[in-house]
Amino acid sequence: MWSPSRPNNNSPQPSPQESSNASAPRNPVPSVQPYKDGGTYIGKSIVIKGEVSGDEPIQIDGRVEGPISLREGRVNIGREAAVTSSVRAGEVIVRGTLEGNVTATDRVEVHTGGSLTGDVTAGRVTVELGAFFHGK
């Protein structure tokens, strides 16, 4: 007999399948995905003042002031980005503004609308029509 002051021992127990589903969220949050190639993304509102170094690719859409060193990695400077830095990387792709010297083991590309002010040392350099480059 059931009583409000006494628990009912005859209550049905959930099956193992039901109990595992009961703890799972009903509206799961999507998992966080790494940026494209598993690299790092610096968003439009982010400002970094200091050294950036590592091995993975980096996408910059914000502001960076300070040296960037990615060994053989790729630095991709987005259209809205403003970078004041010396850059050492495998590849440097400029669509925004970069002020500083660049050393790339593979290539440097300055795309239409992009601006690079500084000296460049690279295996290959490409400056598209409509891009700005001032340096040697």
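Which residue is the bridge partner of Val94 in S11? In this predicted model, the partner of Val94 is Val110. The pairing belongs to a set of 7 bridges that join strand S9, residues 87–94, to S11 in the parallel sense. S11 is also paired with S13, again parallel and over 7 bridges. In that second pairing, Val110 stands opposite Val127. Val110 thus has a bridge partner in S9, namely Val94, and one in S13, namely Val127.

The protein as a whole contains 1 helix and 14 strands. Of its 136 residues, 31% are buried. The accessible surface comes to about 9100 Å², and carbon and sulfur atoms contribute 51% of that area. Among contacts with a separation of 6 or more, 2% are between residues 24 or more positions apart.

The largest nonpolar core has 22 residues, and those touching the most other members are Ile60, Ile68, Val75, Val87, Val92, Leu98 and Val102. At least two residues of this core come from each of strand S4 (58–60), strand S7 (74–77), S9 and S11. For Val75, the contacts beyond four places in sequence are Ile58, Ile60, Ile68, Leu70, Val87, Ala89, Glu91, Val92 and Ile93. Several of these contacts, including Ile60, Ile68, Val87 and Val92, are also listed with Val75 among the core residues that touch the most other members.

Leu98 is part of strand S10, residues 97–99. The relative accessible area of Leu98 is 0%, and the residue is therefore classed as buried. With neighbours within four places in sequence left aside, Leu98 is in contact with Ile77, Val83, Ser85, Val87, Val92, Ser115, Leu116 and Thr117. The contacts of Leu98 with Val87 and Val92 join residues that are each named among the best-connected members of the core, those that touch the most others. The C-alpha atoms of Leu98 and Val110 are 9.7 Å apart, for a separation of 12 residues in sequence.

Glu109 is placed in strand S11, which covers residues 102–110. Its relative accessibility is 15%, so Glu109 counts as buried, the cut-off for that class being under 20%. Outside the four places on either side in sequence, Glu109 touches Val92, Ile93, Val94 and Thr126. Val94 is also the residue whose bridge partner in S11 is Val110.

Strand S13 spans residues 120–127 and includes Val127. Val127 has a relative accessibility of 40% and therefore counts as partly exposed, a class that lies between the limits of 20% and 50%. On the surface, Val127 forms a nonpolar patch with Val125 and Phe133. The accessible area of these three residues together is about 220 Å². Val127 therefore takes part both in this patch and, opposite Val110, in the pairing of S13 with S11, while its accessibility of 40% makes it partly exposed.

Gly113 lies in the loop that connects S11 and strand S12 (115–117). Its relative accessible area is 57%, so Gly113 is classed as exposed. Apart from neighbours within four places in sequence, Gly113 is in contact with Arg95, Gly96, Gly130 and Ala131. Gly113 and Gly130 are 17 residues apart in sequence, and their C-alpha atoms are 6.0 Å apart in space.

How values were computed. Residues are numbered from 1 along each chain as its sequence is written. This is a predicted model: local features need pLDDT of at least 70, side-chain atom pairs count only at pLDDT 80 or more; totals for chains, interfaces and linings use all residues. Side-chain values use heavy atoms; hydrogens and water are left out. Patches are made of residues with over 30% relative accessible area and no salt bridge: like charges are joined within 9 Å, nonpolar side chains (Val, Leu, Ile, Met, Phe, Trp, Tyr) within 5 Å. Accessible areas come from the Shrake-Rupley method with a 1.4 Å probe; for residues, only the protein chains shown count as cover. A salt bridge is a side-chain nitrogen of Lys or Arg within 4 Å of a carboxyl oxygen of Asp or Glu. Helices (H or I, at least four residues) and strands (E, at least two) are DSSP runs, numbered from the N terminus. Buried means under 20% relative accessible area, exposed over 50%, partly exposed in between (1.4 Å probe, protein chains only). Contact means heavy atoms within 4.5 Å. Two strands pair if DSSP finds at least two bridges between them. A nonpolar core is a set of buried Ala, Val, Leu, Ile, Met, Phe, Trp, Tyr and Cys residues joined through side-chain atoms within 4.5 Å.
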